[in-house]
Amino acid sequence: MGKGLLGVASAIAIVTLLAKAVGFGRELAIAAVFGADVGKDAYTIAYIVPAFSLVMLGGLTGPFHTATQKVIATLRQQGRDNEVAGVVMAIAALVTLVMGALSGVAYVAAPWLVRAVATNASDPVFVLAVEQLRVMAPLILLGGWVGILCGVSNDQGDYARPSLSPLIASIAVIAAVLWKADPMLLAWGTLVGGVGQVLLQAPAAWRLWRTRPVTAPGIDLRHPEVKGLWGVLLPACVSSTIGTISVIIGTNFASSLPAGSISVFDFANKLIQLPLGILMTALLIPLFPLLTQAAVAGDRAELFRRMNQGLATIGLATLPLIALFIAAGEPLVAVVFQRGAFDATDTHLTAVVLAICALGIWTYAARDLMIRVFYALDDGRTPLMVSLASLGVTVAAMAAVIDPFGLNGLAAATAGVTLFNCLAIALLLRRKLGELPLGGSTPVVAKAAVAAALAGLAAWLIGPWLPPTEGFLQALARLVGQSAVLGVVYAGALAAFGVPVGAAVASLAARARRRRPA
């Protein structure tokens, strides 16, 4: 990465780590109070639609954030800074109308939505989930606002507020859970957290409007950038919707399995999303505007360099993570979740699902980066078509594995669909660009894969020599021991291959500085 990009990414990673740590504390509190039972099952079901807007659409690197970044970066690149405020406000006005209407629909149609998400849910879970969804329905509107405001904050050089935004939501949920073990307070705490996220970002909108040039155009719904925005925003939103539909498909299949299966799958996913979310947020927020600027300028060499930087970084960071989740999943789950209502049985079930789902981490991250290249090229349609095709693949794969393999089969199907998406996106990107030169990242990723495999094997082999996961301290000692072995072997293997982690990043940074056009 270039020096500036690397510095911004590092700062975002640190701030995001803090927010993610508190977010994980929220999951710990929920697990300790509710375990893998009716209350958590209902909340998992009810939160899917609001989370789709607040996290998937409006969260960092989501469609609203990405689209806002792209519009602003395009206007800045073209020297039309005085139009930014009016265009952003026009986007906000349209989003308010659309997302506000969808919030009302979600409130009225809550019973239908819950039944669609979990067809086989028991009556207690269904009734509770409907009540929770109605409380959280306004989050659909708030998600649109949060995404736009995060994009505006980033444009102003403020990366701290957007990265800390999820922390507000987590604190609100933790406070609600600690106040009283009532599943409905989970919903109210989540709503209050969403309001807090908007308030945290509000100063960015005020600064944008207050500092606009006196002669700047006002809110113009007919502005070419506002019209062109929908070419990226709508396909991206639909693609994210399809991603949520995939989650719904999985939840629907899981609802036919024993009680707690939905919660187990959700807890495993949370463990994966913590480090993966930090990496993708830190990488994509500063990288996407650079991809957009290269695309607008028609600089294909710069576009490919930036993409290779991202893919190499993803490989170095995610491959050892996969090895850790597979080799040391059980002590990790025990340390993080096993307390209160979350018992040893829940730990074992979650660890197995975690290990299987972890196989899709690299392909998930690589796919997301390549999708951003499509967005930078003003092409939201192609990722949308791939997402649509993946729905059929998801249903077929899960239907084929649920009877013989149960929850573990659903986890394997999820990882398999992610691989399908990644390969399809890569092939179509090559077709669009006429080439896909990955020589800058492939050697690093290949060596990292071998190093991670060796490190994971070493961590697994050392397991029998470490304490069993029968209590918190024993599980912690086992996790620390396996993690230390994995880290030492991984770094040593990379050094033996001539690719130490620090040297790899420094090399990428130096290359970007040397070859970047003046």
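**Entry 1: a salt bridge in H15**

I opened the notebook with Arg367 and Asp368, whose side chains meet in a salt bridge at 3.1 Å, N to O. I noted early that this is a predicted model, so please read every value here as computed from it. Are these two residues buried or exposed? I found Arg367 buried, and Asp368 is buried too.

Both numbers fall in helix H15, which covers residues 361–376. I checked the span of H15 next: its 16 residues reach 23 Å from first C-alpha to last, close to the 22 Å expected at 1.5 Å a residue. I then looked at the cover of H15 and found 14 of the 16 residues buried, so the rest of the structure largely encloses this helix. Just after H15, I came across Asp378 with a positive phi of about 65 degrees.

**Entry 2: the other salt bridges**

How many salt bridges does the structure hold? I have 8 on my list.

Lys270 and Asp266 came next, with a salt bridge of 2.9 Å from N to O. Both sit in helix H11 (residues 261–297), and because they are 4 residues apart there, about one helical turn separates them. I wrote down their accessibility as well. Lys270 has 22% relative accessibility and counts as partly exposed, while Asp266, with 14%, is buried. The cut-off for buried is under 20% relative accessible area, so the two partners fall on either side of it.

I then turned to Arg300 and Glu435, where the closest N and O atoms of the salt bridge are 3.4 Å apart. This pair links distant parts of the chain, 135 residues apart: Arg300 belongs to helix H12 (residues 300–327), and Glu435 to the loop between helix H16 (381–433) and helix H17 (442–462). Are the two ends of this bridge covered alike? I noted a relative accessible area of 36% for Arg300, which is partly exposed. Glu435, at 37% relative accessibility, also counts as partly exposed. One more note belongs here: salt bridges that share partners join Lys40, Asp266 and Lys270 into one network.

**Entry 3: H12 and H7**

Having met H12 through Arg300, I looked up its span. The 28 residues of H12 should span 40 Å at 1.5 Å a residue, and its end C-alpha atoms are 40 Å apart, which agrees. H12 is mostly covered, with 24 of its 28 residues buried.

I ran the same check on helix H7 (residues 139–155). Its 17 residues should span 24 Å at 1.5 Å a residue, and I found the end C-alpha atoms 24 Å apart, in agreement. With 15 of the 17 residues of H7 buried, the rest of the structure largely encloses it. What follows H7? Just after it, Gly157 takes a positive phi of about 80 degrees.

**Entry 4: the core**

I looked for the largest nonpolar core and found one of 154 residues. Which residues have the most contacts inside it? My notes say Ile45 and Phe337. I followed up Ile45: leaving aside neighbours within four places in sequence, it is in contact with Val114, Val117, Ala118, Ala121, Val125, Ala129, Thr251 and Ile262.

**Entry 5: a surface patch**

From the core I moved to the surface. Phe472, Leu473, Leu476 and Val480 form a nonpolar patch there, with about 380 Å² of accessible area together. I placed Leu476 in helix H18 (residues 472–496), and Phe472 lies in H18 too. Leu476 counts as partly exposed at 31% relative accessibility, and Phe472 is partly exposed with a relative accessible area of 42%.

Phe472 has partners far along the chain, so I looked them up. Its C-alpha atom is separated by 5.8 Å from that of Val335, 137 residues apart along the chain. Leaving aside neighbours within four places in sequence, Phe472 is in contact with Val335 and Arg339.

**Entry 6: the whole chain**

I closed with the totals. The protein chain has 19 helices and 0 strands. Of its 518 residues, 56% count as buried. Among contacts between residues at least 6 apart in sequence, I noted that 84% join residues at least 24 apart. The chain exposes about 20,700 Å², and carbon and sulfur atoms supply 69% of that area.

Terms used
Residues numbered from 1 in each chain as written. Predicted model: local features only at pLDDT ≥ 70, side-chain atom pairs only at ≥ 80, totals over all residues. Heavy atoms only, no water. Helix = DSSP H or I, 4+ residues; strand = E, 2+ residues; numbered from the N terminus. Expected span 1.5 Å × (residues − 1). Buried < 20%, exposed > 50% of the residue type's maximum accessible area, 1.4 Å probe, protein only. Core = buried A, V, L, I, M, F, W, Y, C linked by side-chain atoms within 4.5 Å. Contact = heavy atoms within 4.5 Å. Patch = residues over 30% accessible without salt bridge, like charges linked within 9 Å, V, L, I, M, F, W, Y side chains within 5 Å. Areas by Shrake-Rupley, 256 points an atom, 1.4 Å probe, with all protein chains shown as cover. Salt bridge = Lys/Arg side-chain N within 4 Å of Asp/Glu carboxyl O.
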